[in-house]
There are 4 protein chains.
Amino acid sequence: MSEINKLKILNDPIYGFISITNPLIYDLIQHPYFQRLRRISQMGMSYLVYPGAHHTRFHHALGCMHIMHKTIQVLKFKGVDISAEEENALCIAILLHDIGHGPFSHAMEHSIVENVNHEAISMLFMDSLNETFTGKLTLAIQIFKGNYHRKFMLQLISSQLDMDRMDYLKRDSFYSGVAEGNINSERLIQMFNVQDDLLVIEEKGIYSVEKFLVARRLMYWQAYLHKTSVAAELVLTKILKRAKDLTHQGKEINASEPLQFFLQHKIELGDFDANVLKTFSYLDDFDIISAIKAWQFHDDFVLSELSKMIINRDLPKIRMQSDKVAKDEVVVLQKTIMEKYGITEKEAEYFVFRGKIKNQAYNKTDEPIHILMKDRTVEDVAEASDQLNLKALSKPVTKYYLCFPKVLLEKAAI
Amino acid sequence: MSEINKLKILNDPIYGFISITNPLIYDLIQHPYFQRLRRISQMGMSYLVYPGAHHTRFHHALGCMHIMHKTIQVLKFKGVDISAEEENALCIAILLHDIGHGPFSHAMEHSIVENVNHEAISMLFMDSLNETFTGKLTLAIQIFKGNYHRKFMLQLISSQLDMDRMDYLKRDSFYSGVAEGNINSERLIQMFNVQDDLLVIEEKGIYSVEKFLVARRLMYWQAYLHKTSVAAELVLTKILKRAKDLTHQGKEINASEPLQFFLQHKIELGDFDANVLKTFSYLDDFDIISAIKAWQFHDDFVLSELSKMIINRDLPKIRMQSDKVAKDEVVVLQKTIMEKYGITEKEAEYFVFRGKIKNQAYNKTDEPIHILMKDRTVEDVAEASDQLNLKALSKPVTKYYLCFPKVLLEKAAI
Amino acid sequence: MSEINKLKILNDPIYGFISITNPLIYDLIQHPYFQRLRRISQMGMSYLVYPGAHHTRFHHALGCMHIMHKTIQVLKFKGVDISAEEENALCIAILLHDIGHGPFSHAMEHSIVENVNHEAISMLFMDSLNETFTGKLTLAIQIFKGNYHRKFMLQLISSQLDMDRMDYLKRDSFYSGVAEGNINSERLIQMFNVQDDLLVIEEKGIYSVEKFLVARRLMYWQAYLHKTSVAAELVLTKILKRAKDLTHQGKEINASEPLQFFLQHKIELGDFDANVLKTFSYLDDFDIISAIKAWQFHDDFVLSELSKMIINRDLPKIRMQSDKVAKDEVVVLQKTIMEKYGITEKEAEYFVFRGKIKNQAYNKTDEPIHILMKDRTVEDVAEASDQLNLKALSKPVTKYYLCFPKVLLEKAAI
Amino acid sequence: MSEINKLKILNDPIYGFISITNPLIYDLIQHPYFQRLRRISQMGMSYLVYPGAHHTRFHHALGCMHIMHKTIQVLKFKGVDISAEEENALCIAILLHDIGHGPFSHAMEHSIVENVNHEAISMLFMDSLNETFTGKLTLAIQIFKGNYHRKFMLQLISSQLDMDRMDYLKRDSFYSGVAEGNINSERLIQMFNVQDDLLVIEEKGIYSVEKFLVARRLMYWQAYLHKTSVAAELVLTKILKRAKDLTHQGKEINASEPLQFFLQHKIELGDFDANVLKTFSYLDDFDIISAIKAWQFHDDFVLSELSKMIINRDLPKIRMQSDKVAKDEVVVLQKTIMEKYGITEKEAEYFVFRGKIKNQAYNKTDEPIHILMKDRTVEDVAEASDQLNLKALSKPVTKYYLCFPKVLLEKAAI
């Protein structure tokens, strides 16, 4: 395809259009490693609560690139010097920042792989693509890894107010219909500036930052940590753990080849050679959900019960509270379910369990969001704000949960 | 017109359609007292900052009625007993709650009339309409005045989370384009309930309340108390004061008859007999702006200078700060302007002045927003929320300003 | 104010933000001739049907400038050579294209002035501003008058698919809530190109052109030519005619000075010298509506009756039909009203009258909308479309009306 | 679960909220037959063109139910007598109208099953659910099959302006970002009425009908029949055919059990007994896409080549034209590919083929869209409209295509 044909526009209901303005970016998008993101849902199990939430990491990555492009235009208009090469590298870095996500990452990271986070895998993919594209991603990788001397560039990609967060809040809000998360990304973009190599928001944008932080907090509690989504994700984690356990016990488990591979092997970050990476690249939501569909009919009671919960959206109950759930209560419920289902204690732990979830809208110990005051000084947004509101958002909120099957409803207070 | 022809639908870009489902409401809307609201802008001088903010109190009143209607349907669906008569009264009360607004109320209340607030005038209009419509508004007036035994009905009309606030935040955000104020009124409406004659929001709506309060706070600082709007409103107040002073000095002032009346007389609430009310009903934005247009060419220097500032949007500078503005600074600036313009000290006070503005997103000493917890207890939202965020919103924020003509820019730090 | 402070952004609920990227444009916007557009409603009397339709010609002009800016970026990206000077001139020309509008132009052009259209006055204003700004508008004026050698530039400003139409359809649809008029201006902008000095739309945008033409047709019949708006505008025209007649008969008529001037004099285009233009520049909606408010109480029966119709939205009936209204029917109704009101035949013509309105969504005899086919040939959109649909839109539609007071309802079939 | 807990609201970004107001409807939605629709994409392969188009038939069915509910309220308000039982039946019928869809229906209907359309399967599912729910669906089924005496009820479910079309146009437009398809469903709903047992649109809604028909036409050409989607769907059909052929030849094909079943057997409508229906109910997008992912590595060249095209979005070229593609051209291209790939003539037909697609925005021979004129007569919308526009929309448009692999690009003009 000629270079000119690679300058495309794509429809996006959020930004109207996303332009691909560069043949290299076109080729990256066409690469199977990137196309696979079309088959990885952005919000995991949330569609069980918000039926519209089926958008993908593919779309999110394109959205991030779009607002990166817009932000760069604003910064250049304000006199920030950004070369064509740097611009391109920034767009590539943000386009690929999430390429390491597997299907249902949160669940997978605690089951299929052993504590391998998606950022690490993103770097592996980027290195691999850099070989394929003969070094053209070197600068993007430098920025992404924090090795480039212009620090504000990393902040555009990864900070408490970066392109990633701006796009996912807006996009997740749009597709789920949770209006509370809709941020004014357009205004935020207009307010960006760079001062002393720091990414800053101009003072008159301070209320938009406040709105952004509140929106993020609300999206956590209304969507990402919605108790039904949490329950579904926990069940999914248990399913994958059970499948892995059964595999290791030598039981036959129906699954696609790449999924089989990860069930059979204990894969840590160090194990990710070229072959493992390639196999990982074949994994997506379709492997997981198809397997669970088949596992509904597996003769292992635990695996089939849990699988049916997901497929028929017949989820366990989950109780949220501000204090830790007492061990005693868990034990009592597990005992009850052991009797009811005729299962072992170990198996009962797949059905009755406790844990916690945590969120902090703004982290004061991380690098702060910088506000450029009218007198050209730079302040942490939590200080620059005219009142306690933002300080309040810095306090972490922890919630504890107890999860158990519906059949125990009369036993457990909810 | 036959009764059936009075059942109309009106286009509204916010809610899609507003239905008039009752011939009496149709007749009230047709009444000149209500039609005059078409000529009274909802956001006063804000169009000088947000060029789209030209929507009227007429449209807002219809919007309030629409969401009152929706809210009543939700409450009835949840089993709250509301009779057809009460429903009608609630719709009428909210439709007319702002009918006492004059043009640019905030400025007028401190110039044209003497400390007469619009709520008091709304009651006068409602009493007058009740005569015209032979007592059909009696129940609406009872509710509006807080004399009806079902207290939650007043809360629907006037409380910290009422139909008025829900419509104006959404509408002002829509027309001005200040996205930060866009609230999820639809979700809030779905969450309303009544418990022990208290209007409550169900617990799962708590994040929407938080969003609502934050949106309100942001709209105050980004729109209602935007420094340019504040400056314009202060100039307008000064203009009306000057015109009144000149009138009392016997100078001839070009103005419409109703405006002349209020310039010539000192009208307090007690003076509002049927004739004064009628005259007041002829006043709207057109009287004020037309007068100011003419006053640009008046031979009184103060009046013409100030008038030009509004008409040509050539507004004075305004400096906002967290501490009170020192009297000394004001005096120095006034002296400078006296020399520059060759005016008296008294006249200089029209051009250089200080003051303060204040906002509190949520008032804990007023009646709180009640949250209905899952265990059926009722809590103040500031307590029910899982963190400090809402408590932070209860802290009043005061800002002090200094206003002065552009020609003093080099004299005054800004 | 320093040049850098003139680079502003303005909130616009439609496009998000409108940037002023040029100090000259900032100064033009600040000029009283342009600021007056803040006081001239874009949709005239339509707010009597669509209560949200209070947006102004000021906002529309800024919107046009914004999409001109976007379109120029697209054309430049596609390789069309446009110099910085030309870009600036295009933005200025579109910003000022409607500056000659008076209040309620359609009504005024047939009453206050004698067949002077707003385009002619726009040119006068532009020439005047060019003097003020020492020739900096020369190129903009050349393009606007069709005297510049690059013909596609005029097409951007004035053609069947220009910035003006794109903004007003979208804006009028937004503020009125008539969803049928909402066009996809973003896609249209992406599809613009220039071929052989012709403004063209690329073939894959053909459906967006079709949507645009249909939207225009629907906005005409649902909004611009909505029968109630038409009735209001006709009454307004009659009011102004009556006021002019009475003035010429020596009756005293209360009105602002600039309005008095136009009532007293018969002003044709040739009379527009610097003084008349200045006086015209003082006229806006406030002069007209304030006058009508006062005229409600005038002792001329015709003037006061008609004025009350507008102020209290108590409009006459209007019957639309596809055939011409018979003269006989008009005469009978006029006779009836003469008796009823005790007025002369001449006066009766103010209350009962007939006429016609006409619309054509696409005019095949004007310069067509050009489609750039994949083989680089250029076709008229009505030919390029795959079916009869667009040809159908080229057929003019005429509707005839009969207008009469409500009191005749039982006499006239409606 | 108690009956009261089954009254739920669901977030929908399009309508805000969708309420489940009836325990039976809650139970139907919970049924696995309905939950499977969560795993069937509404727009099939369109996400390869519009990356947001991942919404499901589940969401669409809920949306249809929502607007059915709204429409019934409007009709009842206008005096149409609809009993609670009928209301419920209408909601159930529309909720289930598409329950028979399999994954990628258009492709499947010509490959996996033998000319079994989804409407027929919907009826089978409804009959089966009626057994499960002990006859509570009987009235819904009667209406759906056209056996109920009130004919307008069927028109609400299935006609040229039904709930189905209103929801899918709006929803597909929303998720894909093709703004041209966004219809004003709210206005259409307000305009519905019933006259002589016919579903009609009141005359003042005629422009909204026009907009609806144009939107439908535009969605066909811009989305449903977008050439890239068409190409993808054709490839998918070929893949399934190939897989079936290979299976019948005794080759081993990796696929889920339910998909294996349909590959191994030739299933016509008459074969759909309870078991086949159950097996069919296990099929969804995950079976198809997972299979194609695996088939990329199958040793059959045709199957693996075609599968890679879908997975890596490396689609064949498709040329659209208004005349039939000449057989000769096809033969030449097939020969070329035979040589290039070393495949048989039969195999070449999987890569090079021709066909046609057709659309008609409005069908005058079907039951028309009825307009209720002001004089209470009923007219076909194509006659009632004031011009040729709608007649134009009645003309069917046919386009012919030629599909071939990219490697032949230099051979085939495009």
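## Exercises on a predicted four-chain model

**Exercise 1.** In what order do the strands of the open sheet in chain B lie, and which are its edge strands?

*Solution.* Start with the strand order: the open sheet of chain B has 3 strands, arranged β5-β9-β6, with antiparallel pairing. Keep in mind that this is a predicted model. Next, look for strands that pair on one side only: these are β5 (317-321) and β6 (353-359) of chain B, the edge strands. Finally, check the twist: on average, neighbouring strands of this sheet are turned by 25 degrees against each other, direction ignored.

**Exercise 2.** Zoom in on β5(B) and β9 of chain B: how many bridges join them? Then find which residue is the bridge partner of Ile318(B).

*Solution.* Count first: β5(B) and β9 (residues 397-404) of chain B run antiparallel and are joined by 5 bridges. Now pick out Ile318(B): its bridge partner in β9(B) is Cys403(B).

**Exercise 3.** Describe the side of chain A that touches chain D: how many residues are in contact, and which element gives the largest share?

*Solution.* Step one is the tally, where 31 residues of chain A meet 31 residues of chain D; contact here means C-beta atoms, placed from the backbone, within 7 Å. Step two is to see where the chain A residues come from. At least two each are supplied by β1 (8-12), α2 (32-35), α3 (57-77), α9 (163-176) and α15 (285-295) of chain A. The largest share, 6 residues, belongs to α15(A). Step three is to sort this side of chain A by class, which gives 14 nonpolar, 12 polar and 5 charged residues.

**Exercise 4.** What rotation superposes chain D on chain C, and what relation is that?

*Solution.* Take the rotation and the shift together: chain D lands on chain C after a rotation of 180 degrees with 0.0 Å of shift along the axis, at an RMSD of 0.0 Å. So you're looking at the relation of a two-fold axis. Then compare the contact surfaces: the same surface serves both copies, with 100% of the contact residues of chain D recurring in chain C.

Now for the make-up of that contact. Chain D and chain C put in 21 residues each. On the chain D side, α11 (206-224) and α20 (389-393) each supply at least two residues, and α11(D) gives the most, with 8 residues. By class, that side of chain D has 9 nonpolar, 5 polar and 7 charged residues.

**Exercise 5.** Where in chain A does UniProt place "domain: HD/PDEase", and how far apart are the end C-alpha atoms of that span?

*Solution.* Go to the record first: the unreviewed UniProt entry puts this feature at residues 53-178 of chain A. Then compare the ends of residues 53-178 of chain A, whose C-alpha atoms lie 10 Å apart. Last, check the secondary structure: the span is 64% helix and 0% strand.

Methods:
Residues numbered from 1 in each chain as written. Chains lettered and ligands numbered in written order. Predicted model: local features only at pLDDT ≥ 70, side-chain atom pairs only at ≥ 80, totals over all residues. UniProt positions renumbered as here; feature names shortened; annotations may be inferred. Helix = DSSP H or I, 4+ residues; strand = E, 2+ residues; numbered from the N terminus. Contact = placed C-beta atoms within 7 Å. Nonpolar A, V, L, I, M, F, W, Y, C, P; charged D, E, K, R; others polar. Least-squares fit on C-alpha atoms with pLDDT ≥ 70 in both. Pairing = 2+ DSSP bridges. Axes fitted to C-alpha atoms, helices over the stretch in contact; angles between N-to-C directions.
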